[in-house]
Every structure is written in structure tokens, then in C-alpha cells.
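This report describes selected features of one structure, taking its strands, metal site, aromatic contacts and backbone geometry in turn. The sequence and the coordinates are shown first.

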Amino acid sequence: MERTRRLRTSNYMRDMVRENHVRIDELIYPIFVTEGENIKHSVESMPGIYQYSLDRLSEEINRIKEAGIKAILIFGIPDHKDEVGSGAYAEDGIVPKAIRQIKKEYEELLIIADVCLCEYTSHGHCGLVKDGVILNDETLPLLAKSSVSYAKAGADIIAPSDMMDLRVKAIREALDEAGFVYTPIMSYSAKFASGYYGPFRDAAHSAPGFGDRKTYQMDPANGQEALREIGEDIEEGADLIIAKPALAYMDIMKEASMKYNIPIVAYNVSGEYAMVKAAAANGWIDEKKIVMENMVGLKRAGAKMIITYHALDVAKWKRKDKMKDTRSKELYERAKVHIPGGVNSPVRAFRAVNRTPRFMESAKGDRIIDADGNEYIDYVCSWGPGILGHAHPQVIKKVMDSCENGLTFGAPTEKEVILAELISE
Ligand code: PBG
Ligand code: ZN
């Protein structure tokens with residue numbers, strides 16, 4: 001079996017033996033919601049990422065819906081900050097307001113609420129501060145309170161990112177007590193004190209005002225300790241585990257996924273996104289190739305889900321790649337058996353340029369949809385002449401007559417194939 005190349009000989013062969021896949025269902029897209037009006041503010045270090053005020057949030061929700069994304073991670077930017085981060089747990093805070101609004105606009109969308117104090121505290125730390133020390137146990141009730149307020153607003157999953165000890169337990173108890181027994185906790189368990197969060201802190205206005213986060217976030221050198229963190233969070237009641245950042249920490253995901261029977265979520269963070277975007281903007285790398293390679297790499301490393309700012313792009317690319325012609329191919333093969341040349345003239349034209357003809361399946365408004373789910377604008381008089389504006393009135397008449405007689409003109413349908421098969425039998 002030394003000739004491993006045997007399994008790489010064709011597209012179909014490679015498709016068949018592929019071990020890991022990136023699925024749109026498993027992508028989580030982070031969004032930033034800010035107080036204020038008429039705001040769509042681009043985050044400079046994260047091209048394509050914006051902060052939205054509530055009155056413009058629908059634009060983002062529509063993009064998400066269109067891309068087919070099923071889960072978002074929501075971050076809030078309040079209009080005022082204080083020592084105790086009260087904006088984080090206020091019932092009318094930016095995050096609960098946004099959640100309520102999104103639930104109205106896109107009910108099925110899974111909303112994961114990030115829980116932390118750093119966007120809301122004047123000192124920018126993830127917990128309460130006294131004499132320069134980030135307090136652990138005193139912070140827990142505030143995280144619990146925030147979690148309950150987000151759950152009340154309609155959050156589907158609570159995601160604490162603060163890295164205080166024992167916060168999963170505190171949040172679980174508070175959620176249960178408030179009646180949210182079925183709301184899962186996605187814990188940022190293995191979160192490292194990383195330089196990769198730089199662009200996020202611009203986006204969320206959450207950079208610490210003094211010192212750093214090293215007394216609560218993990219040392220990048222420690223892999224064993226990460227496993228201990230994960231183990232503790234599972235014991236405290238976490239349902240899903242985040243490892244973060246992603247690319248420089250794939251070993252953590254791999255080991256965690258082998259050791260624990262719980263879904264691991266990779267957080268492909270802001271700095272990782274910024275690096276790819278910058279290099280792509282310079283033409284130094286092929287953005288799609290690099291992003292898809294990063295994504296499948298995370299899957300291979302054991303991540304079940306991926307939180308990524310690339311989510312909309314990935315979904316778009318995947319959709320385009322699906323614009324293959326698997327089902328059309330199959331229908332064409334069937335058609336060729338019974339119909340000389342494989343049906344009508346556009347079909348032959350398609351074949352002349354070495355493509356499989358598209359079999360139309362249904363129509364909706366000004367669109368027609370093929371057997372593989374691709375949508376096209378319906379140029380009734382068939383592709384070529386219609387697009388070039390060369391359709392002769394007589395042709396148009398002919399087409400209309402044909403339509404009235406219930407015949408397709410231009411593209412084949414499965415019905416024709418079935419009919420041909422019936423006749424031949
Ligand atoms: C807040 C939080 C951070 C991120 C997610 N939640 C920043 C931080 O801990 O400083 C980072 C996300 C990213 O960089 O994309 N605790
Ligand atoms: Zn924080």
C-alpha cells in the first residue's frame with residue numbers, strides 16, 4: 001500500500017476519500033452591536049466587519065440570512081462604562097435589546113451571547129478590580145446576572161469568555177434557578193492571553209486600561225493546563241467547549257477532542273482574520289484557498305464548530321462550489337440513452353463548451369432553478385439570443401407559443417427525460 005497516490009487520481013476519487021468537511025451548519029459568525037443611531041462603522045483592522053446600531057442591524061441580519069448562516073455570537077458596545085460593568089447585566093442593555101430584535105427578524109437563528117465585563121468596565125478588565133487585582137469570586141454574581149438577562153431576552157446559548165474560576169458553575173446555577181434549565185453553556189475554557197485579540201479590542205472597545213489579562217487568561221506555553229481548565233468546566237456543567245485562539249493552538253483542540261466526549265469549538269480570532277485579510281489585500285495569498293485550508297485544518301484538529309469572521313465568505317464560497325452539476329450530470333446521462341444528442345439545441349451548446357447541460361426543475365418569479373438548486377434569471381427566449389438582445393420577434397413568438405403549449409424551450413427538464421424513458425420502454 002505504498003502507492004498512496006492511487007487514492008488521489010481524480011476529483012471524484014478525492015471527494016470519496018476526503019476525511020473532513022467544512023459545513024455551513026457548523027459556522028458561527030460574530031457580530032458587534034453598538035448603542036447609538038444610524039451606525040455602520042467599519043472596524044479598520046478587520047475589513048468586512050462592522051459595528052451596527054440597532055436601527056441598522058437588519059442589514060447584517062439579512063446578510064447572515066442570505067448566506068445561510070445558522071448561528072451568531074453577539075458582542076455589545078454600550079454607551080457608557082463604569083467600574084462595575086453595569087451595562088453588561090442591565091435588562092435594557094445593548095445585548096438584550098439586540099437579541100430581542102434579532103429574534104423578531106430571524107426567529108430560527110441561534111443566538112450565542114458572549115458574557116464578559118470587559119466591554120462594559122471603565123478599566124476594561126473582564127472582572128471587578130480592587131487595588132489593581134482582578135477579583136474572582138466577587139465577579140461571579142455579575143456574570144451570572146448577565147447570563148440570566150441574556151437568556152431572558154432570548155439567547156439560545158450562553159458563552160462566558162471572562163476566564164474567572166468557577167464561573168460556569170455560578171452561571172449554571174443562576175440559569176437553572178431562573179428557569180433556563182435547557183439553555184446550554186458554551187464555555188471559553190481554554191482561552192489564552194494572546195496577541196491575536198488586538199483587532200477585536202478595537203472592534204469591541206475592550207482593551208484593558210492598565211496591565212494585561214495574564215492573571216486570568218492562560219499562558220500560551222501551557223497545554224496540560226488547558227486540559228485541566230476544560231475538565232473543570234465540564235465538571236461545572238459546560239455543554240460546549242471553546243479553544244481560543246485557533247491556529248496556533250490546534251494541539252489543544254486535538255488533545256481535548258480525544259480526551260473529552262464533548263463538542264469542541266474553535267475560535268478563529270480577530271488577529272488571525274486580520275492577517276489573512278491583509279495578505280490577501282496585498283495579493284500575497286489566495287484568500288479563499290487560505291481560509292478554506294484554515295477551516296478544514298481546524299476540523300482535522302478536532303473542532304466540531306468554528307467561530308469565524310470569515311463565516312459569510314466561507315458560506316458564499318461553499319454555495320458557489322456547490323454550483324456543480326451533480327444531478328444535472330445524472331439526468332444528462334439518462335437523457336443520452338434515449339434522446340439523440342441528449343435533447344435540444346442549448347443542450348448541445350452546453351456540450352460544445354464541455355459543460356453538462358443544466359436541467360431546469362422549477363421557476364419562481366423571474367428565476368428558474370435547476371436540478372442542482374442553482375438559480376438563474378429567466379431569460380425566456382433561451383440563453384444566447386436573450387442575453388445578447390438578438391431574439392427575433394418570430395423567435396419570441398415561437399417561444400411564447402411553446403410555453404402556452406406547456407413545452408420547455410431552451411433548457412431540458414427531468415420530465416422530458418422521464419417521458420423519453422417511458423416511450424423507449
Ligand atoms: C472578551 C472577548 C475577547 C474575545 C472574545 N471575547 C477579547 C479579550 O479577551 O481580550 C476575542 C475575540 C477575537 O479576538 O476575535 N473577553
Ligand atoms: Zn472580557
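## Parallel strands in the interior

Strand β10 (residues 240–244) and strand β11 (residues 264–268) pair in the parallel sense, with 3 bridges between them. The model is a predicted one. Within the pairing of β10 with β11, Ile242 has Val265 of β11 as its bridge partner.

A further parallel pairing joins β10 to strand β9 (residues 186–191), here over 5 bridges. Tyr188 stands opposite Ile242 of β10, and Lys191 has Lys244 of β10 as its bridge partner. Ile242 is thus named in two places: opposite Tyr188, and as the bridge partner of Val265 in β11.

Both β9 and β10 lie in the interior. In β9, 6 of the 6 residues are buried, so this strand is largely enclosed by the rest of the structure. In β10, 5 of the 5 residues are buried, so β10 too is largely enclosed by the rest of the structure. Neither face of β10 is left uncovered: Leu240, Ile242 and Lys244 are buried on one side, and Ile241 and Ala243 are buried on the other.

Lys244 also takes part in an element of backbone geometry. The peptide bond between Lys244 and Pro245 is cis, with omega at about -10 degrees. Pro245 itself belongs to the loop between β10 and α8 (250–259).

## The zinc site

The zinc ion (ligand 2) is coordinated through the SG atoms of Cys116, Cys118 and Cys126, at 2.2 to 2.3 Å. Along the sequence, the donor residues follow the spacing C-x1-C-x7-C. What is the arrangement of the 4 donor atoms around the zinc ion (ligand 2)? These atoms subtend angles of 99 to 120 degrees, and the arrangement is therefore tetrahedral. For reference, the ideal angle for four tetrahedral donors at a metal is 109.5 degrees.

Each of the three cysteines named above is buried, as the table shows.

| Residue | Relative accessible area | Class |
|---|---|---|
| Cys116 | 2% | buried |
| Cys118 | 7% | buried |
| Cys126 | 1% | buried |

A search of the whole structure for disulfides returns 0.

## Aromatic contacts

Across the whole structure, 9 aromatic pairs are found. In one of them, the rings of Phe32 and Phe75 have centres 5.5 Å apart and planes at 20 degrees, so the pair is stacked. This contact links distant parts of the chain, since Phe32 lies in strand β1 (residues 27–34) and Phe75 in strand β4 (residues 71–77), 43 residues apart. Phe32 and Phe75 are both buried.

Phe75 also pairs with Phe200: the ring centres are 4.8 Å apart and the planes stand at 75 degrees, so this pair is edge-to-face. Phe75 is in strand β4 and Phe200 in helix α6 (residues 198–204), so the contact ties together parts 125 residues apart in sequence. Phe200, like Phe75, is buried.

These residues belong to one aromatic cluster, formed by Phe32, Phe75, Tyr188, Phe200, Tyr267, Tyr273 and Tyr309. Tyr188, a member of this cluster, is also the residue that stands opposite Ile242 in β10.

Charged side chains also meet aromatic rings. The charged end of Lys40 sits over the ring of Tyr50, 4.4 Å from its centre. Lys65 lies over the face of Tyr106, and here the distance to the ring centre is 5.3 Å.

## Loops and a long-range contact

Two residues other than glycine have a positive phi. For Asp131 the value is about 50 degrees, and this residue lies in the loop between β6 (129–130) and β7 (133–134). Met163 has a phi of about 70 degrees and is found in the loop between β8 (157–160) and α5 (167–177). Are these two residues buried or exposed? Asp131 is exposed, with a relative accessible area of 74%, whereas Met163 is buried, at 4%.

Glu66 is located in helix α2 (residues 57–67). With a relative accessibility of 65%, Glu66 counts as exposed. Glu66 and Leu312 are separated by 246 residues in sequence, yet their C-alpha atoms are 9.1 Å apart in space.

Key
Residues are numbered from 1 along each chain as its sequence is written. Chains are lettered from A and ligands numbered from 1 in the order in which they are written. This is a predicted model: local features need pLDDT of at least 70, side-chain atom pairs count only at pLDDT 80 or more; totals for chains, interfaces and linings use all residues. Side-chain values use heavy atoms; hydrogens and water are left out. Buried means under 20% relative accessible area, exposed over 50%, partly exposed in between (1.4 Å probe, protein chains only). Helices (H or I, at least four residues) and strands (E, at least two) are DSSP runs, numbered from the N terminus. Two strands pair if DSSP finds at least two bridges between them. Donors are N, O and S atoms within 2.8 Å of the metal (3.2 Å for Na, K and Ca); water is not among the atoms, so sites may look incomplete. Four donors count as tetrahedral if all angles lie between 85 and 135 degrees; four count as square planar and six as octahedral if opposite donors are over 155 degrees apart and all others between 65 and 115; anything else is irregular. Rings of Phe, Tyr and Trp (its six-membered ring) pair if their centres lie within 6.5 Å; planes under 30 degrees apart count as stacked, over 60 as edge-to-face and the rest as tilted. A charge sits over a ring if NZ of Lys or CZ of Arg is within 6 Å of the ring centre and within 35 degrees of the ring normal. A disulfide is a pair of cysteine sulfur atoms within 2.5 Å.
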